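Here's a quick briefing to read alongside the model. Have the viewer open and follow along topic by topic.

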Amino acid sequence: MQARDFLQISKIIPVITIYDVKTSIDLAQALANGGIKILEITLRTKEALEAINLISKEMPDIIVGAGTILNAKMLEQAKNAGAKFAISPGLNAIFAKESKTIDLPLIPGVATAGELMLALEFGFENLKFFPAEASGGIPMLKSLLAPFNKVKFCPTGGISLGNIKEYLTLENVLCVGGSWLSPKELIFDKQWDKITKITQESLAKTL
Ligand code: 3PG
């Protein structure tokens with residue numbers, strides 16, 4: 001599968017952070033019960049790689065990607081853990097070049113026209129727009145459409161129930177991502193039903 005295929009699986013990619021591997025399946029199951037088919041696990045905690053491995057094995061119907069990939073070493077670790085794709089918050093020339101030596105589809109993050117041009121230099125046309133709301137949100141994505149009309153985005157950063165629909169109407173947006181489906185408090189309190197409910201409400205907005 002290519003990077004674009006992953007952005008076309010679902011209108012929403014939950015961005016999740018794992019604090020305890022023991023509850024990672026419960027969390028993934030709560031999201032799956034709400035209709036989620038693909039998710040991103042951020043490499044922000046030491047538990048992340050083990051959770052990628054575990055969820056990939058235990059829940060083969062869920063497509064697991066790795067997020068917060070900052071360099072080629074992390075990309076390799078994500079691949080070895082079983083991630084099917086990877087997402088980075090930004091891009092630099094060193095990482096762009098080195099990422100080409102690792103066989104794992106990468107969706108790099110960009111926030112400006114200049115970063116987008118760097119991404120295109122390395123053949124990346126399927127990008128994360130991050131941090132979406134702080135970087136100009138919907139007006140920015142509309143402005144980027146004319147000069148970069150082949151590029152498709154997954155905006156993340158500040159996406160919520162309140163703005164999903166508006167982002168998804170944009171021609172250059174394939175899906176949105178974010179952490180609003182699984183807030184830290186609900187994970188810590190094991191409020192799996194609430195996470196399922198937020199997921200259902202969010203996916204209903206995409207219809
Ligand atoms: C990400 O890595 O995509 C962001 O942390 C998600 O942003 P959010 O927490 O504002 O949804």
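**The ligand and its surroundings**

Around the ligand sit Val 15, Arg 44, Lys 128, Phe 130, Thr 156, Gly 157, Gly 158, Gly 178 and Ser 179. Keep in mind as you browse that this is a predicted model. Start with the polar contacts here, then move on to the sheets, the helices and a few individual residues.

- Thr 156 uses its side chain: one of its N or O atoms is 2.7 Å from an oxygen atom of the ligand.
- Gly 158 comes in through the backbone instead, with an N or O atom 2.8 Å from a ligand oxygen.
- With Ser 179 we're back to a side chain, where a polar atom lies 2.6 Å from an oxygen atom of the ligand.
- On its own the ligand would expose 310 Å², and the protein buries 81% of that.

**The six-stranded sheet**

- One open sheet has 6 strands in the order S5-S4-S3-S2-S1-S9, and the pairing is parallel.
- At the edges you'll find strand S5 (106–107) and strand S9 (176–178), each of which pairs on one side only.
- Further in, strand S3 (residues 63–67) runs parallel to strand S4 (residues 85–87), and 2 bridges link the pair.
- If you want to spot that pairing on screen, look for Gly 65, whose bridge partner in S4 is Phe 85.
- Helix H3 (residues 48–58) packs on this sheet, touching strand S2 (38–42) and S3, and the helix direction makes about 160° with that of S2.

**The three-stranded sheet**

- There's also an open sheet of 3 strands, ordered S6-S7-S8 and again paired in parallel.
- Its edge strands are S6 (109–110) and S8, each pairing on one side only.
- Strand S7 (residues 126–129) and S8 run parallel and are joined by 4 bridges.
- Two positions help you line them up: Leu 127 has Phe 153 in S8 as its bridge partner, and Lys 128 stands opposite Cys 154.
- Lys 128 is also one of the residues around the ligand.
- Edge strand or not, S8 (residues 152–155) is covered on both faces, with Lys 152 and Cys 154 buried on one side and Phe 153 and Pro 155 buried on the other.

**Helix H4, end to end**

- Asn 71 caps the N-terminal end of H4, putting a side-chain oxygen 3.2 Å from the backbone nitrogen of Lys 73.
- Within H4 (residues 72–81), the buried residues include Ala 72, Met 74, Leu 75, Ala 78 and Ala 81.
- What do the buried residues of H4 pack against? They pack against H3, S3, S4, helix H5 (93–99) and S5.
- As a reminder, an α-helix has 3.6 residues a turn, so residues three or four places apart point the same way.
- After the helix comes Gly 82, which has a positive phi, near 110°.

**Three buried residues to click on**

- Leu 106 belongs to strand S5, and its relative accessible area is 6%, so this residue counts as buried.
- Which residues does Leu 106 touch, not counting those up to four places away in sequence? They are Ala 3, Leu 75, Ala 86, Ile 87, Ser 88, Phe 95, Ser 99, Phe 124 and Asn 126.
- Leu 106 and Gln 2 are 104 residues apart along the chain, yet their C-alpha atoms are separated by 8.8 Å.
- Thr 42 is part of strand S2 and is buried, with a relative accessible area of 0%.
- Leaving out neighbours within four places in sequence, Thr 42 is in contact with Val 15, Ile 16, Thr 17, Ala 48, Gly 67 and Thr 68.
- Val 15 turns up around the ligand as well.
- Ser 10 sits in the loop between helix H1 (3–7) and strand S1 (12–16).
- Is Ser 10 buried or exposed? Its relative accessibility is 11%, so Ser 10 counts as buried.
- A polar atom of the Ser 10 side chain lies 2.9 Å from the backbone oxygen of Ile 12.
- Beyond neighbours within four places in sequence, Ser 10 is in contact with Ile 38, Cys 175 and Leu 203.

Conventions: Residues numbered from 1 in each chain as written. Predicted model: local features only at pLDDT ≥ 70, side-chain atom pairs only at ≥ 80, totals over all residues. Heavy atoms only, no water. Pairing = 2+ DSSP bridges. Contact = heavy atoms within 4.5 Å. Axes fitted to C-alpha atoms, helices over the stretch in contact; angles between N-to-C directions. Buried < 20%, exposed > 50% of the residue type's maximum accessible area, 1.4 Å probe, protein only. Near = heavy atom within 4 Å. Polar contact = N/O pair within 3.5 Å; in protein donor to acceptor, adjacent residues only side chain to side chain. Areas by Shrake-Rupley, 256 points an atom, 1.4 Å probe, with all protein chains shown as cover.
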